[in-house]
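Dear colleague,

I am passing on the structure below, and my notes on it follow directly after.

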Amino acid sequence: MANVAFIGLGVMGYPMAGHLAKAGHNVTVYNRTGAKAEQWVEDYANTEGVELFAAPTPAGAAADADIVFACVGADKDVAEICVGEEGAFGAMKTGAVFVDHTTASAECARAMAAAAKEAGVGFVDAPVSGGEAGAVNGVLTVMCGGDTASFETAEPVMQAYAKSVKLLGEAGSGQLAKMVNQICIAGVVQGLSEALHFAMEAGLDAKAVVDVISKGAAQSWQMENRASTMIDGEFDFGFAVDWMRKDLGIVLGEANGMGVSLPLTALVDQFYCDVQKMGGNRQDTSSLIRRFRG
């Protein structure tokens, strides 16, 4: 088993780090709010056969790790924990691997990969899909970019919290794949919102309709997992509108640089802006239906 570090104990990182401990790895954690790192150590203290520590800095967490995992907020946060004054790269062992699960820009991933190479460490950009529930249940999908050797070192360890881990190309490819994922989700949630609104306005039993059509070509993960709660006006299920807008901003910025038109994605991004104005910042992405239902 490996000595690993996990930087960033948010709604995703906290359970992901927990799965690493349960899989038998020694884990050192760092979180900007140190009390949360201490709480994590306390919560998993009874995990048999492993050593758990909280470090005061990213460098402190990374110093003895074979693999350093991270899941933070945005590009600037990734840069801070990697190459900042107390960043991980300066403390990591030669040949160790840094795996970034943050949803960030492809440009950030490429820049951090270059900095890692200069520091003598590997780098894999590895954004995830599956939301808080996927992290808690250890069934995330991980989209990776980087060199084969670094990926092959990290992939078996990532299996602790994933149902699918795939290398898709060089550094930045994982982030680009996550953008594809978010484009798909945006369109599906908008379509489902319109469909449910139409069903209810038509006087149909919307849940009965969903039960029927979910067995056919209209089926989707969003329909299976969110249609019923959308109908009931319940939106407390993890991936927040604020985060989705951050992700769609990354998508649209990348598309603009490529000269690629994404009209539906741009429109849905503005619809999510409407939900924010309605006070839905922390509600999950299925709250898009609120534009119709209030």
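Threonine 28 lies in strand S2 (residues 26-30), where strands are DSSP runs of E with at least two residues and helices are runs of H or I with at least four, numbered from the N terminus. With a relative accessibility of 16%, threonine 28 counts as buried, the classes being buried under 20% relative accessible area, exposed over 50% and partly exposed in between (1.4 Å probe, protein chains only). Leaving aside residues up to four places away in sequence, threonine 28 touches Val4, Ala5, Phe6, Phe53, Ala55 and Ala61, contact meaning heavy atoms within 4.5 Å.

Please bear in mind that this is a predicted model, in which local features need pLDDT of at least 70 and side-chain atom pairs count only at pLDDT 80 or more, while totals for chains, interfaces and linings use all residues. Residues are numbered from 1 along each chain as its sequence is written, and side-chain values use heavy atoms, with hydrogens and water left out.

The largest nonpolar core (buried Ala, Val, Leu, Ile, Met, Phe, Trp, Tyr and Cys residues joined through side-chain atoms within 4.5 Å) has 37 residues, and those with the most contacts inside it are Phe6, Val29, Trp40, Phe69, Val99 and Met158. Helix H1 (residues 13-22) supplies the largest share of this core, 5 residues, whereas a second, separate core of 26 residues includes Ile81, Phe89, Ala104 and Ala171.

Tryptophan 40, again without counting residues up to four places away in sequence, touches Leu9, Tyr14, Ala17, Gly18, Ala21, Val27, Val29 and Leu52.

With best wishes
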